[in-house]
Each structure stands twice: as C-alpha cells, then as structure tokens.
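This briefing walks through side-chain contacts and strand pairing in a single chain. Please keep the sequence and the three-dimensional view open while reading.

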Amino acid sequence: MRAVIQRVSEAKCTVNGEISGQIKHGFLVLLGIANDDDQSDLDWLMQKIVNLRVFSDEAGLMNKSVLDVGGNILLISQFTLFAQTKKGNRPSFINAAKPDIAVPLYQKAIAILEQYLNRKIATGIFGADMKISLVNDGPVTITIDTKNKE
C-alpha cells in the first residue's frame, strides 16, 4: 500500500461536476493498493496516517497529528501510485490491485479512519474520473509505503 499525504488548508474532489468530498484543514490522502496488500498493511498505514505529527504546535514546530488538531481527511483511491516506468514511456499498472481486492480494502480504510477521527471522512468515488483541487499547506507532502517501513 502506498499513500501520498498532503497537509492541506482545503481540498475537494469533484466527479462529473458534483463534489463528492470536501474538507478544510487536514489531510488529502492519495491511497494506492497493490495486489499483495492485506489487512495488516491497511491497519499499519491508517494508524501511521492519523498519528503523523506534521501540524504545528504552539511553538510552530511540527508536533501535532491530525487527531490532535481536529483535522479532516479526504481519502482518494489512486491506482497510479503503482505505476512502473522502467521500460518505455507508457506506465504499467500491473502491480495495482484489481477492484475485487482494492474496493474492500478502500472501504475498510474509510471505516478505520472514521473510527479514529470519530466522524465521517470525505472521499472520492472509486474508479471514477475525479478532479482534485487542493491548497497544500506548507507545503507538506509525505509518502509512505507499507513495504518499506524504514
């Protein structure tokens, strides 16, 4: 599983001209799910996201998590995070999970994040052509890969 986490002052996802998810202050999370991902990857990554200390404390240091600041999360499924670009110019997505694997894990990710935040999170629509707009705060952008827990 791979995630690109962006600290945002606002973000929204639009599908066919309709807003499917919109937040203020929090994280835009782009989530890629691989063929070999399972519940353990999901549990580890969701815990890591909600506890990631990249929000400013009273001294202006990045010491607070999205939980600490009462932030929101916009979660977007993005299979292109598993693009392989080694050969040629057209990316291969062979390692990205097919919907029968990815959809249940994406839905579980939503449920886990909602449980951590104790409220609904904003989402995109799995498999849709989504338009994402955001104001990256900082900018702060962090990438995490469950297969590389350094």
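In this predicted model, Glu10 has a relative accessible area of 36% and is therefore partly exposed, since that value lies between the 20% limit for buried and the 50% limit for exposed. The partner of Glu10 in a salt bridge is Lys24, with 3.9 Å between the closest N and O atoms, a separation that falls within the 4 Å limit applied to such contacts. Glu10 belongs to strand E1 and Lys24 to strand E2, so that the contact links distant parts of the chain, 14 residues apart.

**Salt bridges**

- Over the whole structure, a search finds seven salt bridges, one of which is the contact of Glu10 with Lys24.
- Lys147 and Asp41 also meet through their side chains, with an N to O distance of 2.9 Å in their salt bridge.
- This pair links distant parts of the chain, as Lys147 lies in the segment after strand E7 (130–145) and Asp41 in helix H1 (residues 39–51), 106 residues apart.
- The two partners have their own accessibility classes: Lys147 counts as partly exposed at 46% relative accessibility, whereas Asp41, at 7%, counts as buried because the limit for that class is 20%.
- Asp41 and Lys147 are, together with Asp37, linked in a network of salt bridges.
- A further salt bridge joins the side chains of Glu58 and Lys64 at 2.8 Å, N to O; here Glu58 is exposed, with a relative accessible area of 71%, while Lys64 counts as partly exposed at 23% relative accessibility.

**Strand pairing**

- Strand E1, which covers residues 2–15, pairs with E2 in the antiparallel sense over 13 bridges, and within this pairing Val8 stands opposite Gly26 in E2.
- E1 and E2 form a hairpin with two residues between them, and in the turn Asn16 has a positive phi of about 50°.
- E2 is also joined to E5, by six bridges, and these two strands run parallel.
- Phe27 has Ile73 in E5 as its bridge partner, which places an aromatic residue of strand E2 (residues 18–32) in that pairing.

**Aromatic pairs**

- The structure holds three aromatic pairs, and one of them is formed by Phe27 and Phe55, whose ring centres are 5.1 Å apart with 40° between the planes, a geometry classed as tilted.
- Phe27 in strand E2 and Phe55 in strand E3 (residues 55–56) are 28 residues apart, and the pair thus links distant parts of the chain.
- Both Phe27 and Phe55 are buried.
- Another of the pairs, Phe79 with Phe93, is edge-to-face, with 5.0 Å from centre to centre and 75° between the planes.
- Phe79 and Phe93 each lie in the loop between strand E5 (72–77) and helix H2 (99–117), so the pair ties together parts that are 14 residues apart in sequence.
- Phe79 counts as partly exposed at 47% relative accessibility, and Phe93 likewise counts as partly exposed, at 29%.

How values were computed: Residues numbered from 1 in each chain as written. Predicted model: local features only at pLDDT ≥ 70, side-chain atom pairs only at ≥ 80, totals over all residues. Heavy atoms only, no water. Phe/Tyr/Trp six-rings, centres within 6.5 Å; stacked < 30°, edge-to-face > 60°. Helix = DSSP H or I, 4+ residues; strand = E, 2+ residues; numbered from the N terminus. Buried < 20%, exposed > 50% of the residue type's maximum accessible area, 1.4 Å probe, protein only. Pairing = 2+ DSSP bridges.
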